[in-house]
Amino acid sequence: MPGGRRSSRSGPQQKAVHVLVVEDDQELAATMARTLRQDGMAVDLAGNGDIALAMSCATRHDVVIVAHDLQPFTGDDLCKQLHERGCRSAFLLLLSAPTSAGPNGRATEHHLNKPFDVADLVARTRMLGTQ
């Protein structure tokens, strides 16, 4: 009906959460990207910290998911560099191996231990991306 309001069963449309996944394990990165995309998120992939720095300065990401053990520097170092460079505001979710040190001194308070449940990854990413 012209001029009428459209109804939607799902309610108001949500803005798509834009995510940067920084993971050097290509298989894990592809799995995370596929899972997040199935949930309606836009996902970019970076295989190391240098690529992530360049991508995050060029594109606005709502959430950056960072593997702890990256090259040429750690995920913590990447998070600190992103903050220092002021490359677009982003929430940072650090994925750390269970053997990694505790959260003291971490560049971000949001972390998820590997191996992780993909449903938890999606829920936490969505929560961070919509804050």
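**Helix packing and cis-prolines in the predicted model**

Of the 131 residues of the protein, 39% count as buried (under 20% relative accessible area, with exposed meaning over 50% and partly exposed the range in between, for a 1.4 Å probe and protein chains only). The model is predicted, so that local features need pLDDT of at least 70 and side-chain atom pairs count only at pLDDT 80 or more, whereas totals for chains, interfaces and linings use all residues. Residues are numbered from 1 along each chain as its sequence is written, and side-chain values use heavy atoms, with hydrogens and water left out.

The secondary structure comprises 4 helices and 5 strands, taken as DSSP runs numbered from the N terminus (helices H or I, at least four residues; strands E, at least two). Along the sequence these elements follow the pattern β-α-β-α-β-α-β-β-α. Among contacts (heavy atoms within 4.5 Å) with a separation of 6 or more, 64% are accounted for by residues 24 or more positions apart.

In helix α2 (residues 49-58), the buried residues include Gly49, Ala52, Leu53 and Ser56. These cover an arc of only 100° around the axis and therefore lie on the same side of α2, the arc being that of the directions from the helix axis to the C-beta atoms. An α-helix has 3.6 residues a turn, so residues three or four places apart point the same way. The cover over the buried residues of α2 includes β1 (18-22), β2 (42-46) and α3.

Helix α3 (residues 75-85) has Gly75, Asp76, Leu78, Cys79 and Leu82 buried. The arc covered by these residues is only 165° around the axis, which puts them on the same side of α3. The exposed residues Glu84 and Arg85 are carried on the face of α3 turned away from its buried side. Glycine 86, just after α3, takes a positive phi of about 65°.

Helices α2 and α3 pack at an angle of about 25°, with their axes 11 Å apart. Axes are lines fitted to C-alpha atoms, for helices over the stretch in contact, and angles run from 0 to 180 degrees between N-to-C directions. The two helices, α2 and α3, are therefore roughly parallel to each other (angles under 35 degrees; over 145 counts as roughly antiparallel, 65 to 115 as roughly perpendicular and the rest as oblique). Their crossing is right-handed, that is, the near helix is turned clockwise from the far one by less than a right angle, anticlockwise being left-handed. Gly49, Ala52, Leu53 and Ser56 of α2 meet Leu78, Gln81, Leu82 and Arg85 of α3. The residues of this contact comprise 4 nonpolar, 3 polar and 1 charged (Ala, Val, Leu, Ile, Met, Phe, Trp, Tyr, Cys and Pro count as nonpolar, Asp, Glu, Lys and Arg as charged, and the others, Gly among them, as polar).

The axes of helix α1 (residues 26-38) and helix α4 (residues 118-129) come within 10 Å and cross at roughly 60°, which makes α1 oblique to α4. The crossing of α1 past α4 is right-handed. Met32, Thr35 and Leu36 of α1 make the contact with Val118, Leu121, Val122 and Thr125 of α4. The contact residues divide into 5 nonpolar and 2 polar, with no charged.

Two cis peptide bonds precede prolines in loops. The bond from glutamine 71 to proline 72 is cis, with omega near 5°, and proline 72 is in the loop between β3 (63-67) and α3. The bond from lysine 114 to proline 115 is cis, with omega near -10°; proline 115 lies in the loop between β5 (111-113) and α4.
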